[in-house]
Amino acid sequence: MEENKQIKLEAFKLHSNVYFIGSEAVSVHLIDTECGLVLIDTGYPNMGELILSNIKKLGFDPKNITAIFHSHGHIDHFGNTEMLAELSGAKTYISRIDNDIVNGTYDLSWAKELRLARLPFFSCDVLVEDGDTFNFGNTTVRCVHTPGHTDGVMSFIITLADGKIAAMHGGSFCMSDEGKLLYIGFTELPNETYYLVTQTGNHITFGGKRILLR
Ligand SMILES: [Zn+2]
């Protein structure tokens, strides 16, 4: 039984080619790149229709999703991965460590704790390591290992179409330290997802890890 109520949010543009398409319970982001649509996380299992309708409302076609990144292996972040990957043929990405959660090696998806039915196990196509960077034409996604929320949490430093840098922490909380970035996303606290920070300095600190942005 799914007891988690999902409060719908209208999809909206965050900045440049990044959009929010999640709910108030958990964030899902879409990046419109020269190499197709890139998603970060896929929400609770009952958010499939919301995600699809949000993508369409923004004028995009879910069939054009080419990559699905996961911040970590909790069920509220991979709830619609298989459906979306099947629909689009997108490649799926997660840390090598948290792939052992989605493939069932370790029972740490939080399905039980969230009173959700466990999803069929699967394995992602690309097992990412700290520092791996993926190019999508006008956008690059760099994965930064920031363990804590799970062992394999990945945070993302994203260079956007307009050249600005967005940073998204894959776990629960992060602090910026006058980093040269535009926006910080909290995947667990979507109501407080968006922060514009000043563009001085060139570092951000995620989970005690100081990361050079460029
Ligand atoms: Zn989580």
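Here are some notes on the fold, strand 6 and two of the helices.

1. First, the ground rules. This is a predicted model, where local features need pLDDT of at least 70, side-chain atom pairs count only at pLDDT 80 or more, and totals for chains, interfaces and linings use all residues. Numbering starts from 1 along each chain as its sequence is written.

2. Overall make-up: the protein has four helices and 14 strands. These are DSSP runs numbered from the N terminus, with helices being H or I of at least four residues and strands being E of at least two. Of the 214 residues, 47% are buried (20 or more other C-beta atoms within 10 Å of the residue's own, against 12 or fewer for exposed and anything in between for partly exposed, with C-beta atoms placed from the backbone). Among contacts with a separation of 6 or more, 54% link residues 24 or more positions apart; a contact here means C-beta atoms, placed from the backbone, within 7 Å.

3. Strand 6 (residues 91-95) is a good place to look, since four of its five residues are buried. On one hand it pairs with strand 5 (residues 65-69), in parallel and over three bridges, with Lys91 as the bridge partner of Ala67. It also runs parallel to strand 7 (residues 126-128), again joined by three bridges, and there Tyr93 sits opposite Val126. Pairing requires DSSP to find at least two bridges between the strands.

4. Strand 6, helix 4 (residues 96-102) and strand 7 form a right-handed β-α-β unit. Right-handed means that, with the strands pointing away from the viewer, the path from the first strand over the helix to the second runs clockwise.

5. In helix 1 (residues 48-57), the buried residues are Leu50, Ile51, Asn54 and Ile55. Seen down the axis they fall within an arc of 130°, so they line one face of helix 1 (the arc is taken over directions from the helix axis to the C-beta atoms). As a reminder, an α-helix has 3.6 residues a turn, so residues three or four places apart point the same way. That buried set packs against strand 3 (29-33), while exposed Glu49 and Lys56 are on the face turned away from it. Gly59, just after helix 1, has a positive phi of about 95°.

6. Helix 3 (residues 81-88) has Thr81, Leu84 and Ala85 buried. Their arc around the axis is only 100°, which puts them on the same side of helix 3. They pack against strand 4 (36-40), strand 5, helix 2 (75-78) and strand 6. Just after helix 3 comes Gly89, with a positive phi of about 80°.

Conventions. Contact = placed C-beta atoms within 7 Å.
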